[in-house]
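This briefing summarises the fold, helix packing and selected residues of one protein model. The entry is shown below, and the points that follow are grouped by topic.

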Amino acid sequence: MSDTPAPSWVGLAWASLPVLAVVATLASRRLGQARSMLVGLARMTGQLLLLGVVLDAAFAVDHPWVVGVSAVVMLSASAQAVGARHSRGGGRLRVEATAAMALGAGLAVAVSTRMALGVSPWYEPSVVIPLMGMILGNSINGVALAAERFDAELRSEADLVERRLALGATGRQASAPAFRAAVAAGLTPTINGMMVAGVVAIPGMMTGQLLAGASPGTAFRYQILIYLAIGGSVGLAVLSLLGLRARRAFSPDHQLRAPSHLLDDRLH
């Protein structure tokens, strides 16, 4: 890779001028969101600074337990984010999201690092941690959207589901339309991202590789790898989560549980 200029703190200050101009305009015209944007900018800067410190330490230690602890922390934070985005999120949803995302992200990271990149040692922190972060970041959206849509469909179509059950359908058959709608909701952002990649937008990984001096051929192969990993992990996480929630929505005798049970996500 060739040497490329890295942004200095002064350079970042210059780069902040457009967004600060937007904040000033929002505030002066009393359009709202100015405070939210400032808080978002402050949080983003602080969080990334902290991430930089943590990654420096993790890369310096270079040990499997660092990767394991990082994965657990990221997974827990991702499950917490899923619960926070769900209007009725609770402990049970967080547990289900943790299991679903662990399955999807774990498999995608293992295949990508060992079979596609041939990373050695297997726990190489500079590869595994960033890859895990990108995968989990996309999984949060998919899982949260799928859970919200599935629960909403079951609540709004409860009478129709009951009629299907009365006609002899199993719980899986009766909830199939809700399941399909939830799968579409969960996978649409990922599919849309792949649809416009390279045509409307240059994705982040490819942009980073090009800025770092990599050849376009290397950059697009890395980006394809990321999209494949994200597509696989999000798909597995969405299907796993919906499978768990569909199983809980019906009794062993294929009876739709009471609406109060569907609305209550607390562990009990």
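A residue counts as buried under 20% relative accessible area, as exposed over 50%, and as partly exposed in between. V61 has a relative accessible area of 44%, so V61 is partly exposed. The model discussed here is predicted. The protein contains 12 helices and zero strands.

**Overall architecture**

- In sequence order, the secondary structure of the protein reads α-α-α-α-α-α-α-α-α-α-α-α.
- The C-alpha trace spans about 70 × 55 × 40 Å along its principal axes.
- Of the 268 residues in the protein, 32% are buried.
- When contacts between residues at least 6 apart in sequence are considered, 70% of them join residues at least 24 apart.

**Annotated transmembrane regions**

- An unreviewed UniProt entry lists residues 6–26, 38–59, 65–83, 95–115, 127–147, 181–204 and 224–244 under "transmembrane region".
- In the model, residues 65–83 are 100% helix and 0% strand, and 27 Å separates the C-alpha atoms at the two ends.
- Residues 181–204 are 71% helix and 0% strand, with 29 Å between the end C-alpha atoms.

**Packing of α5 and α6**

- Helix α5 covers residues 91–116 and helix α6 covers residues 125–156; their axes are 9 Å apart and form an angle of about 140°.
- At this angle, α5 is therefore oblique to α6.
- The two helices, α5 and α6, make a right-handed crossing.
- On the α5 side, the contact involves L93, A97, M101, A105, A108, V109, S112 and T113.
- On the α6 side, the residues met by α5 are V127, V128, L131, M132, I135, L136, S139, I140, V143 and A147.
- Sorted by class, the contact of α5 with α6 comprises 15 nonpolar, three polar and no charged residues.

**Packing of α9 and α11**

- Helix α9 (residues 176–196) and helix α11 (residues 216–249) have axes that come within 10 Å and cross at roughly 165°.
- Because angles over 145 degrees count as roughly antiparallel, α9 is roughly antiparallel to α11.
- The crossing in which α9 passes α11 is right-handed.
- From α9, the contact is made by F179, A182, V183, G186, L187, T190, G193 and M194.
- From α11, the contributing residues are Y227, I230, G231, V234, G235, V238, L239, L242, G243 and A246.
- By class, the contact between α9 and α11 holds 12 nonpolar, six polar and no charged residues.

**Selected residues**

- V61 belongs to helix α3, which covers residues 34–61.
- Between V61 and T113 there are 20 Å in space, C-alpha to C-alpha, and 52 residues in sequence.
- T113 is also one of the α5 residues that meet α6.
- G137 is located in helix α6.
- With a relative accessible area of 37%, G137 is partly exposed.
- G137 and A81 are separated by 56 residues in sequence and by 9.8 Å in space, C-alpha to C-alpha.

Terms used: Residues numbered from 1 in each chain as written. Predicted model: local features only at pLDDT ≥ 70, side-chain atom pairs only at ≥ 80, totals over all residues. Heavy atoms only, no water. Axes fitted to C-alpha atoms, helices over the stretch in contact; angles between N-to-C directions. Helix = DSSP H or I, 4+ residues; strand = E, 2+ residues; numbered from the N terminus. Parallel < 35°, antiparallel > 145°, perpendicular 65-115°, else oblique. Left-handed = near helix turned anticlockwise from the far one by under 90°. Contact = heavy atoms within 4.5 Å. Nonpolar A, V, L, I, M, F, W, Y, C, P; charged D, E, K, R; others polar. UniProt positions renumbered as here; feature names shortened; annotations may be inferred. Buried < 20%, exposed > 50% of the residue type's maximum accessible area, 1.4 Å probe, protein only.
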